[in-house]
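User: Could you take a close look at one strand in this model and walk me through what surrounds it? I'd like a connected account that then moves out to the cores and the side-chain pairs.

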Amino acid sequence: MGVSDEREIKIKTVGLKKSFGDLEVLKEISVDVKEGEVVVVIGPSGSGKSTFLRCLNRLEEASGGKIIVDGCDITARKVDLNKVRENIGMVFQHFNLFNNLNVMENMTLAPVQLKKCSQAEAKNRAYEMLEKVGLSEKSAAYPSQLSGGQKQRVAIARALCMQPRIMLFDEPTSALDPEMVGEVLAVMKELASEGMTMVIVTHEMGFAREVADRVIFMDGGYIIEEGTPDELLSNPKEERTKSFLDKVL
Amino acid sequence: MVRIIGTYGGMLVQAMGRTLLLALLGLFFACIIGLLFGILSVVKNRICNVVSQIFVDVIRGVPMIVLAFFVYFGIPYLFNTIIGGFNMTLSALQAGTACLALNCGAYMSEIIRAGIQSVDAGQMEAARSLGLSYSTSMRKVVLPQAIRTMIPSIINQFIITLKDTSILSVIGFPELVNTAKNVQANTFMAFQTWAIVGIMYLIVITILSRTAKLVERRLNVGRQ
């Protein structure tokens with residue numbers, strides 16, 4: 001797919017490793033993600049794909065290797081982690097909306113606390129984002145009053161309120177009832193079409209085929225294969241990729 | 001009984017006032033101690049965790065009456081006689097407050113630890129992923145949710161602490177039990193005296209727990 005090489009590299013991992021005790025979850029992962037690129041990571045459970053994603057904003061500390069975001073090595077000791085995270089939005093499988101705050105407060109908490117803007121500006125942007133995800137009438141609702149799909153859309157809008165340059169999605173539709181998957185994917189699709197740099201861990205192969213610029217297949221802590229959705233999903237070269245796709249497609 | 005109330009009623013009510021004062025002072029400092037050690041026990045730092053655990057184990061492992069004697073008699077003796085050169089005196093109120101604060105604080109710290117740990121870890125992760133610091137995430141997201149689950153246990157601990165003030169009669173603080181002992185000594189009417197004292201505790205604690213129930217219900221509004 002027409003990924004031009006002049007585009008700036010937004011995320012680069014070099015020999016990224018992660019172990020939990022004796023268990024090596026990631027073994028030398030090296031990946032480049034270019035600006036505006038949508039990269040979908042697939043693989044069986046336990047393959048390390050979520051861990052990989054969580055290393056990218058250091059929710060997990062890498063055990064080795066480098067992670068370079070926007071040209072800055074975020075594994076460096078003196079890096080201001082909170083500043084780095086302001087630019088990397090993250091969406092979780094279980095939404096993780098703040099249960100003690102309503103939708104509007106969920107969305108304005110970080111921008112106001114971090115003095116990115118005034119309360120009024122934060123509210124305006126929050127309304128804008130809510131409109132974008134189709135939930136402008138829910139600004140006063142509490143998370144417990146929303147459906148799963150609505151929660152996830154608010155979670156995406158909340159991340160966007162920080163105006164991040166990169167968005168990470170950790171199985172954003174896995175905890176949803178089937179009829180709510182579509183509404184969340186639609187929001188993500190729109191985001192992709194606007195040129196957001198996205199790394200998405202998902203099991204939605206149809207979505208990967210439609211939206212991804214590149215698909216990465218991981219297994220056992222290694223990247224087994226990567227390529228355009230057509231190459232990887234329709235004509236996988238590796239045996240392991242084939243057997244995984246046979247099971248899920 | 002009427003004669004006791006007539007003659008000593010005012011005195012007993014005043015003593016109840018001192019009981020409440022002692023309990024309130026103790027609880028105030030217990031909240032600070034509890035929050036401090038509660039947070040020390042959940043931060044990602046082995047040394048903090050161990051310090052907090054030792055504090056809780058020591059206080060929990062010593063009866064409060066021993067703690068009271070230790071603080072009231074032991075600490076001034078340590079400074080004035082063993083180390084020497086000090087002229088320290090602790091009032092019964094100071095020692096009593098310290099005692100209650102330490103004792104109740106240790107239990108509060110366990111309540112606070114359990115409350116914080118009951119909040120899904122995803123809440124902290126989501127807050128941190130937005131760029132909020134650990135302390136802001138704790139203050140704005142985790143603690144408000146933790147406090148809701150802690151409230152019944154905290155109220156329970158408050159009531160226990162209020163009753164524990166009676167133990168401090170042994171160091172001579174003129175709270176209700178200490179005063180009642182004098183009434184009994186003057187009147188020899190043990191049954192009537194202690195029945196009155198019991199009823200006084202019962203009334204105050206019932207009012208307290210009813211109010212607490214109300215507050216709890218109020219806080220649960222808007223929560224599913």
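Analyst: Here is a walk that starts at one strand of chain A and works outwards. Keep in mind that this is a predicted model.

The strand to look at is E9 of chain A, residues 214-219. E9(A) is mostly covered, with six of its six residues buried. In a regular strand, side chains alternate between the two faces of the sheet. Here Arg214(A), Ile216(A) and Met218(A) point one way, while Val215(A), Phe217(A) and Asp219(A) point the other way. Both sets are buried, and that includes Arg214(A) and Asp219(A).

Now for the strands that E9(A) pairs with. Strand E3 of chain A, residues 38-42, runs parallel to E9(A), and the two pair over four bridges. Within that pairing, Val39(A) has Arg214(A) as its bridge partner. Strand E10 of chain A, residues 222-227, pairs with E9(A) in the antiparallel sense over five bridges. There, Met218(A) sits opposite Ile223(A). E9(A) and E10(A) make a hairpin with two residues between the strands, and Gly220(A) takes a positive phi near 60 degrees in it.

From here the nonpolar packing is the next stop. In soluble globular proteins, nonpolar side chains tend to be buried together. The largest nonpolar core has 49 residues, and the members that touch the most others are Ile42(A), Ile156(A), Met167(A), Phe169(A), Met188(A) and Met198(A). Helix H6 of chain A, residues 178-193, gives the most to this core, with eight residues. Apart from that core lies another, of 37 residues, and Met218(A) is among its members, as are Leu26(A), Val31(A) and Ile166(A).

Ile42(A) leads us back to the strand. Setting aside neighbours within four places in sequence, Ile42(A) is in contact with Val215(A), Ile216(A), Phe217(A) and Met218(A), among others. Its contacts also include Lys49(A), Thr202(A), Met205(A), Leu232(A) and Phe244(A).

On to the charged pairs, of which there are 20 salt bridges over all chains. One of them involves H6(A): Arg153(A) and Glu183(A) meet at 3.0 Å, N to O. Arg153(A) lies in helix H5 of chain A, residues 148-160, and Glu183(A) in H6(A), so this pair ties together parts 30 residues apart in sequence. Arg153(A) is buried at 12% relative accessible area, whereas Glu183(A) is partly exposed at 26%. Another salt bridge joins Arg54(A) and Glu60(A) at 3.1 Å, N to O. In that pair Arg54(A) is buried at 14%, and Glu60(A) is buried at 15%. There is also a charge over a ring in chain A: Arg158(A) lies over the face of Phe98(A), 4.3 Å from the ring centre.

Chain B has pairs of its own. Asp57(B), Arg60(B), Glu110(B) and Arg113(B) are linked in a network of salt bridges. As for rings, the count is six aromatic pairs over all chains. Phe37(B) and Phe55(B) are stacked, 4.0 Å centre to centre with 10 degrees between the planes. Phe37(B) lies in helix H1 of chain B and Phe55(B) in helix H2 of chain B, so the pair ties together parts 18 residues apart in sequence. Phe79(B) and Phe86(B) have their centres 5.1 Å apart and their planes at 75 degrees, so that pair is edge-to-face. Phe79(B) is partly exposed at 27% relative accessibility, and Phe86(B) is partly exposed at 44%. Finally, Phe69(B), Tyr72(B) and Phe73(B) form one aromatic cluster.

Conventions:
Residues are numbered from 1 along each chain as its sequence is written. Chains are lettered from A and ligands numbered from 1 in the order in which they are written. This is a predicted model: local features need pLDDT of at least 70, side-chain atom pairs count only at pLDDT 80 or more; totals for chains, interfaces and linings use all residues. Side-chain values use heavy atoms; hydrogens and water are left out. Buried means under 20% relative accessible area, exposed over 50%, partly exposed in between (1.4 Å probe, protein chains only). Two strands pair if DSSP finds at least two bridges between them. A nonpolar core is a set of buried Ala, Val, Leu, Ile, Met, Phe, Trp, Tyr and Cys residues joined through side-chain atoms within 4.5 Å. Contact means heavy atoms within 4.5 Å. Rings of Phe, Tyr and Trp (its six-membered ring) pair if their centres lie within 6.5 Å; planes under 30 degrees apart count as stacked, over 60 as edge-to-face and the rest as tilted. A charge sits over a ring if NZ of Lys or CZ of Arg is within 6 Å of the ring centre and within 35 degrees of the ring normal. A salt bridge is a side-chain nitrogen of Lys or Arg within 4 Å of a carboxyl oxygen of Asp or Glu.
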